[in-house]
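Visitor: Please walk me through this model. I would like short answers, with the reasoning shown.

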Amino acid sequence: MTEAGEPDHRTEWKIRLYDIAFLMEDPEELGRVVEIQPEEGLVDLQFTFKRETSSERARGEKEHVQVVHLPLAEPVKAQASTTAEAASFTAGDVEPGVGYTYKDVLGNAVNYGITAREVHKVAHMDTIFAASHVTPNGGNITTGAYTGSQGSPLLIGSITGNLSIDGQTCVIYTTEEAAKNLTLQEGSSFQYRTELEISGQVENMIFRAEQISQVMAGQRTYEVMKYGTY
């Protein structure tokens, strides 16, 4: 681990830059050291600063540290065996974080207003959903109100109660048993699947969003895109 830079006493913030790397001898070239990337979850890094700053000592406060990971872009890292040797880079070569869009986060769930294991519907809805189980207690569903001339499909694994679906014609993926409790307008149709298949699709969409959300939550820096005045 190498350290670069001195605390910036001109501002309230004190910045320390560290290059942390895991090195090993190249098994194919004696005497050559290369950097390795441990598998996720195998490494736990902890920082302990033995010295307080003068301002902290004066206030009697402990140092508040915020850690920000600033990885180098892959083309820059490829130019050297270790990040310590990759000395010729600029601020533009530092990746600001994971650049996911809402479509990356939602995956197939982007096609639904609601994706859930359980939906308890108590009023009229102008949206579609993908749900493992639905309990309708009032109102119908109008599809296609905000999605153009073609209604998007619905996924319903099982249902307790009765539900009417109108609006644009659409396809409802559900079980033969659940279809008995669903009333469709002319032109809409059923595509039968097992409850396990539909629940599996719902779980996959939820799992994807959870996993990518965890990755994004681990990022402390993000790319900021500036747009014109609305």
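**Strands, helix and core**

Guide: Val 171 stands opposite Ser 189 in β12. This is a predicted model.

Visitor: How many bridges join β10 to β12?
Guide: The two strands run parallel. Val 171 faces Ser 189 of β12. The number of bridges joining β10 to β12 is four.

Visitor: In which order do the five strands of the open sheet lie?
Guide: Pairing in this sheet is parallel. The edge strands, each pairing on one side only, are β5 and β12 (189–192). Neighbouring strands are turned by 30 degrees against each other on average, direction ignored. The order is β5-β6-β8-β10-β12.

Visitor: What angle does the direction of α5 make with that of β5?
Guide: α5 packs on the sheet. The helix touches β5, β6, β8 and β10. Its direction and that of β5 make an angle of about 115 degrees.

Visitor: What span should α5 have, at 1.5 Å a residue?
Guide: α5 has 23 residues. The expected span counts 1.5 Å times one less than the number of residues. The end C-alpha atoms of α5 are 33 Å apart, which agrees with the expected span of 33 Å.

Visitor: Which elements cover the buried residues of α5?
Guide: The buried residues of α5 are Ile 198, Ser 199, Val 202, Met 205, Ile 206, Ala 209 and Ile 212. Strands of the five-strand sheet that α5 touches include β5 and β6. The cover over the buried residues includes α3 (102–106), β5, β6, β8 and β10 (171–174).

Visitor: Which residues touch the most other members of the largest nonpolar core?
Guide: In soluble globular proteins, nonpolar side chains tend to be buried together. Here the largest nonpolar core has 25 residues. Elements giving two or more residues to this core are β5 (114–121), β6 (129–136), β8 (154–159), β9 (163–167) and α5 (195–217). The residues touching the most other members are Phe 129, Leu 154 and Ile 165.

Visitor: With which residues is Phe 129 in contact, leaving aside neighbours within four places in sequence?
Guide: Phe 129 is one of the core residues that touch the most other members. Another of these, Leu 154, is among its contacts. The full list is Tyr 112, Ile 114, Val 134, Ile 141, Leu 154, Leu 155, Ile 156 and Leu 163.

Visitor: What is the order of the open sheet of three strands?
Guide: Its edge strands are β7 (141–143) and β11 (182–184), each pairing on one side only. Neighbouring strands are turned by 25 degrees against each other on average, direction ignored. Three bridges join β7 to β9, and these strands run parallel. The order is β7-β9-β11.

Visitor: Which residue in β9 stands opposite Ile 141?
Guide: β7 and β9 run parallel. Ile 141 is also among the contacts of Phe 129. Opposite Ile 141 in β9 stands Ile 165.

Visitor: Is Thr 142 buried or exposed?
Guide: Thr 142 lies in strand β7. Its relative accessible area is 17%. The cut-off for buried is under 20%, so a residue below that value counts as buried. Thr 142 is therefore buried.

Visitor: What distance separates the C-alpha atoms of Thr 142 and Asp 126?
Guide: The two residues are 16 residues apart along the chain. Thr 142 is in contact with Asp 126, and its other contacts include His 124, Met 125 and Asp 166. The C-alpha atoms are separated by 5.0 Å.

Visitor: What share of the 230 residues is buried?
Guide: The protein has five helices and twelve strands. It exposes about 16300 Å², with carbon and sulfur atoms supplying 51% of that area. The buried share of the 230 residues is 25%.

Definitions and conventions. Residues numbered from 1 in each chain as written. Predicted model: local features only at pLDDT ≥ 70, side-chain atom pairs only at ≥ 80, totals over all residues. Heavy atoms only, no water. Core = buried A, V, L, I, M, F, W, Y, C linked by side-chain atoms within 4.5 Å. Buried < 20%, exposed > 50% of the residue type's maximum accessible area, 1.4 Å probe, protein only. Contact = heavy atoms within 4.5 Å. Areas by Shrake-Rupley, 256 points an atom, 1.4 Å probe, with all protein chains shown as cover. Pairing = 2+ DSSP bridges. Axes fitted to C-alpha atoms, helices over the stretch in contact; angles between N-to-C directions.
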